[in-house]
Amino acid sequence: QLEGLGLPADRIARIDPPLDVSKLRAEVASPSAFREELGVPNDTCLFGIVARLQRHRRYEMLWDAIAALKARGHRFHVAVLGRGTYQQEVGKDPVRRLGLDDVVTFAGYRRESAYASAVAAFDAQIFLVPGSDPTCRALREGLALGAAGLTTRRGLLPSLVEDGQSGWLVDETQEAFTDAMARMAQDVEATRAMGAEASRL
């Protein structure tokens with residue numbers, strides 16, 4: 001992408017943004033307690049998303065993908081960490097309208113150990129599009145804590161998730177997200193293996 005700006009390859013260097021992985025992992029207390037709070041058994045794929053509930057974040061695409069996934073009969077659950085000015089309009093109202101209250105939990109804003117433990121409980125972390133942080137810190141934290149990534153190809157995202165190894169890179173469509181989530185939900189052990197690979201990268 002930078003080469004398209006007229007810069008020669010030998011003048012381009014990638015510097016990974018800082019992330020204190022050791023500190024983050026030390027804050028994890030009990031991922032199982034978060035699953036128990038949500039009532040999600042260990043054999044069910046727990047997807048998570050960490051993002052403010054804002055209009056530009058493509059949440060409408062996610063809700064449609066979840067509705068299609070539920071219609072296929074898969075066992076799964078989605079936890080939404082975060083809040084936002086439009087959380088009712090963008091999140092809770094459409095989830096209720098689509099009949100997704102049984103598979104989507106709005107877990108609110110969490111800090112420190114409560115946050116790290118929740119993210120460590122995810123089998124996979126959904127990251128729709130980059131927001132105000134171009135370094136995609138939330139996704140990087142999820143990968144470091146062993147959640148397989150499920151994301152699009154925008155911006156920095158393809159350099160964070162190795163497609164088919166530490167997660168999946170998909171087109172920015174409802175159908176693509178539904179198909180990828182179905183693949184992850186029907187083979188939870190394979191999804192967790194991808195998360196373990198993500199934590200090693």
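## A walk through a predicted fold

Leu-150 has Trp-168 of strand S6 standing opposite it. That pair is a good place to begin a tour of this structure, which is a predicted model.

**The sheet**

Strand S5, made of residues 148–151, is joined to S6 by 3 bridges, and the two strands run parallel. They belong to an open sheet of 6 strands, arranged in the order S3-S2-S1-S4-S5-S6 with parallel pairing. Which strands sit at the edges? Strand S3 (104–108) and strand S6 (167–169) do, as each of them pairs on one side only. From one strand to the next, the twist averages 25°.

Now step across to strand S1, which covers residues 45–50. S1 pairs with strand S2 (residues 76–81) in the parallel sense, over 6 bridges. Within that pairing, Val-50 has Leu-81 in S2 as its bridge partner.

How covered is S1? In this strand, 6 of its 6 residues are buried. Both of its faces are covered: one side carries Cys-45, Phe-47 and Ile-49, the other carries Leu-46, Gly-48 and Val-50, and all are buried.

**Two cysteines**

Cys-45 deserves a second look, with a relative accessible area of 0%. Cys-136 has a relative accessible area of 1%. Buried means under 20% relative accessible area, so Cys-45 at 0% counts as buried, and so does Cys-136 at 1%. What about bonds between cysteines? A disulfide is a covalent bond between the sulfur atoms of two cysteines. Searching the whole structure turns up 0 disulfides.

**Helix H6**

Helix H6 spans residues 137–144. Like S1, which is mostly covered, H6 is mostly covered, with 7 of its 8 residues buried. Those buried residues are Ala-138, Leu-139, Arg-140, Glu-141, Gly-142, Leu-143 and Ala-144. Just after the helix, Gly-146 takes a positive phi of about 90°.

**Open and enclosed spaces**

Rolling a probe the size of a water molecule over the atoms shows where empty space is left. Here are the two spaces to look for, with their volumes and the classes of residue in their linings.

| Space | Volume | Nonpolar | Polar | Charged |
|---|---|---|---|---|
| Largest pocket | about 580 Å³ | 8 residues | 4 residues | 9 residues |
| Largest cavity | about 50 Å³ | 6 residues | no residues | 1 residue |

Take the pocket to start with. Its lining has 21 residues, and those closest to the centre of the largest pocket are Val-50, Ala-51, Tyr-109, Tyr-115 and Ala-138. Some of these names are familiar by now: Val-50 is one of the buried residues of S1, and Ala-138 is among the buried residues of H6. Which elements give two or more residues to this lining? They are helix H5 (112–121) and helix H6 (137–144). H6 gives the most, with 3 residues.

The cavity comes next. How many cavities of 30 Å³ or more are there? The count comes to 1. The largest cavity is lined by Ile-49, Ala-51, Arg-57, Tyr-59, Phe-127, Leu-128 and Val-129. Ile-49 is a buried residue of S1, and Ala-51 also appears among the residues closest to the centre of the largest pocket.

**Putting it together**

To find your way around again, follow S1 through the picture. S1 pairs with S2 in the sheet, and Val-50 takes a place in the lining of the largest pocket, while Ile-49 helps to line the largest cavity.

Methods
Residues are numbered from 1 along each chain as its sequence is written. This is a predicted model: local features need pLDDT of at least 70, side-chain atom pairs count only at pLDDT 80 or more; totals for chains, interfaces and linings use all residues. Side-chain values use heavy atoms; hydrogens and water are left out. On a 1 Å grid over the protein atoms alone, a cavity is a set of points where a 1.4 Å probe fits but cannot get out, and a pocket is an open set with protein on both sides within 12 Å along at least five of seven lines; lining residues have an atom within 4 Å of a point. Grid points are joined across faces, edges and corners, and a volume is the space filled by probe spheres set on the points. Helices (H or I, at least four residues) and strands (E, at least two) are DSSP runs, numbered from the N terminus. Ala, Val, Leu, Ile, Met, Phe, Trp, Tyr, Cys and Pro count as nonpolar, Asp, Glu, Lys and Arg as charged, and the others, Gly among them, as polar. A disulfide is a pair of cysteine sulfur atoms within 2.5 Å. Buried means under 20% relative accessible area, exposed over 50%, partly exposed in between (1.4 Å probe, protein chains only). Two strands pair if DSSP finds at least two bridges between them. Axes are lines fitted to C-alpha atoms, for helices over the stretch in contact, and angles run from 0 to 180 degrees between N-to-C directions.
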